[in-house]
Amino acid sequence: GNAPFLVFADADLDAAVEGAMTAKMRNIGEACTAANRFLVHESVADDFSRRLADRMGGLRMGRGTDDGVDVGPLITEKARAGVAELVADAIEKGGKVLVGGDIPDGPGRFYPPTVIADVPTEARVCREEIFGPVAPVTSFATDDEALELANDTEFGLIAYAYTRDLDRALAVAEGLESGMVGLNAGVISNPAAPFGGVKASGFGREGGREGIEEYLEVKYVGIAH
C-alpha cells in the first residue's frame, strides 16, 4: 500500500513520533501496513521531522541475530536498489535528507533508517510503496489539503492520523479512503477486527465477523403461503 500518516497541528508530537516509529519500522518497513507518506501540518513539520530523524538515527543496524540490533537487512538486493532509487528521486526533486540516505559499505542488503524532509508530492516516493526504512515528510496547510493528499493514491489499505481534536479525528477517519484507520495509534491490526482495503488494495476482509462472512454463502428460501 501507500499508507499516509497524518500529523495535525494539535497532535501530541511525542506520541506521533512513537506511533510513526511503530507504523514505519515494524519489519523494517517491509509490511503492507507500514506508513509510507508522512503528511504533517506546516506548523509542526520541521519539529516532527527533526524528532523522527533523531529516533530513526538512534537505531542500530546489523545482523538480526546480534544483540542490540534494531534494523536488519532488506529481503533482496533488488529491494534495496528499489528503495535507493526512490530516495535518489526524492532528493533530486528537492527533498532534504535529515538522516540516512546512503547505502553503507560492506556485505549484506542493508539500508539505513532514513528521514527526508520537504518532499514534494511529485516525487515517486509519494506514489509508490517504499517497502523499506524510509520516511518522506510532506507538509500541508489545511485539513482539506491533508485529506486530498492522503487520498491521492490508487491504494487504500490503511491510514494513520494523529490529533487531539475528537471532531477532527472523526471527520478525518470518515474522509480517508482506506479500509482501516489508526487514530493516534501506529498499530491497529487485530484478529478480532476486519483487515482489508479499498480501491487497488483489494476486495473483501479477513478477521472478525466480516472475515468469516467472506467464506459463507447466503441462501434465500421463499415459501409459498
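What follows is a chat about a predicted model.

Biologist: Hi! I'm new to this one. Where does helix 1 sit in the sequence, and how far does it reach?

Modeller: Welcome! This is a predicted model, and its helix 1 covers residues 13–25. From first C-alpha to last, helix 1 reaches 18 Å, close to the 18 Å expected for its 13 residues at 1.5 Å a residue.

Biologist: What caps the N-terminal end of helix 1?

Modeller: Asp 12 does that. A side-chain oxygen of Asp 12 lies 3.1 Å from the backbone nitrogen of Asp 14.

Biologist: And what comes after helix 1?

Modeller: Asn 27 follows, with a positive phi near 55°. Ile 28 also has a positive phi, near 60°, and is not a glycine. You'll find Ile 28 in the loop between helix 1 and strand 2.

Biologist: Is Ile 28 buried or exposed?

Modeller: Buried: its relative accessible area is 13%, and the cut-off for buried is under 20%.

Biologist: Back to helix 1. Which of its residues are buried?

Modeller: Leu 13, Ala 16, Val 17, Gly 19, Ala 20, Met 21, Ala 23, Lys 24 and Met 25.

Biologist: What covers them?

Modeller: The cover includes strand 1 (3–7), strand 2 (35–41), helix 2 (45–57), strand 5 (134–140) and strand 6 (158–162).

Biologist: Let's talk cores. How many residues are in the largest nonpolar core?

Modeller: There are 44 residues, and those with the most contacts inside the core are Phe 5, Phe 48 and Leu 52. At least two residues each come from strand 1, helix 1, strand 2, helix 2, helix 3 (77–92), strand 4 (114–117), strand 5 and strand 6.

Biologist: Which element gives the most to this core?

Modeller: Helix 1, with seven residues.

Biologist: You mentioned Leu 52. What does Leu 52 touch?

Modeller: Leaving out residues up to four places away in sequence, Leu 52 touches Val 17, Ala 20, Met 21, Val 115 and Ala 135. Apart from the largest core lies another one, of 12 residues, among them Leu 6, Phe 8, Leu 149 and Ala 161.

Biologist: Where is Ala 161, then?

Modeller: Ala 161 is in strand 6. Ala 161 counts as buried because its relative accessibility is 1%. Beyond four places in sequence, Ala 161 touches Leu 6, Phe 8, Val 172, Gly 182, Leu 183 and Asn 184.

Biologist: How far is Ala 161 from Tyr 220?

Modeller: Their C-alpha atoms are separated by 41 Å, and the two residues are 59 residues apart along the chain.

Biologist: New topic: holes. How many cavities of 30 Å³ or more are there?

Modeller: The structure holds three of them. The largest cavity has a volume of about 100 Å³. Its lining has 18 residues, and the closest to the centre are Pro 4, Phe 155, Gly 156, Ile 158 and Glu 177.

Biologist: Which elements supply at least two residues of that lining?

Modeller: Strand 1, helix 4 (143–151) and strand 6 each do.

Biologist: What about helix 3? Why does its span agree with what's expected?

Modeller: Its 16 residues should span 22 Å at 1.5 Å a residue, and the end C-alpha atoms are 22 Å apart, so the two agree. The buried residues of helix 3 are Arg 80, Val 83, Leu 86, Val 87, Asp 89 and Ala 90. Strand 4 and strand 5 are included in what covers them. After helix 3 comes Gly 94, with a positive phi near 115°.

Biologist: Speaking of strand 5, where does the side chain of Thr 138 have a backbone oxygen beside it?

Modeller: Thr 138 lies in strand 5, and a polar atom of its side chain is 2.7 Å from the backbone oxygen of Val 119. Thr 138 is buried, with a relative accessible area of 9%. Its contacts, not counting residues up to four places away in sequence, are Phe 38, Leu 39, Val 40, Val 119, Thr 121 and Cys 126.

Biologist: Last one: is Lys 199 buried or partly exposed?

Modeller: Partly exposed, at 35% relative accessibility. Lys 199 lies in the loop between strand 7 (180–183) and helix 6 (208–213). Its phi is positive, about 55°, although Lys 199 is not a glycine.

Terms used. Residues are numbered from 1 along each chain as its sequence is written. This is a predicted model: local features need pLDDT of at least 70, side-chain atom pairs count only at pLDDT 80 or more; totals for chains, interfaces and linings use all residues. Side-chain values use heavy atoms; hydrogens and water are left out. Helices (H or I, at least four residues) and strands (E, at least two) are DSSP runs, numbered from the N terminus. The expected span of a helix is 1.5 Å times one less than its number of residues. Buried means under 20% relative accessible area, exposed over 50%, partly exposed in between (1.4 Å probe, protein chains only). Contact means heavy atoms within 4.5 Å. A polar contact is a pair of N or O atoms within 3.5 Å; within protein, one must be able to donate a hydrogen and the other to accept it, and residues adjacent in sequence count only if both atoms are side-chain atoms. A nonpolar core is a set of buried Ala, Val, Leu, Ile, Met, Phe, Trp, Tyr and Cys residues joined through side-chain atoms within 4.5 Å. On a 1 Å grid over the protein atoms alone, a cavity is a set of points where a 1.4 Å probe fits but cannot get out, and a pocket is an open set with protein on both sides within 12 Å along at least five of seven lines; lining residues have an atom within 4 Å of a point. Grid points are joined across faces, edges and corners, and a volume is the space filled by probe spheres set on the points.
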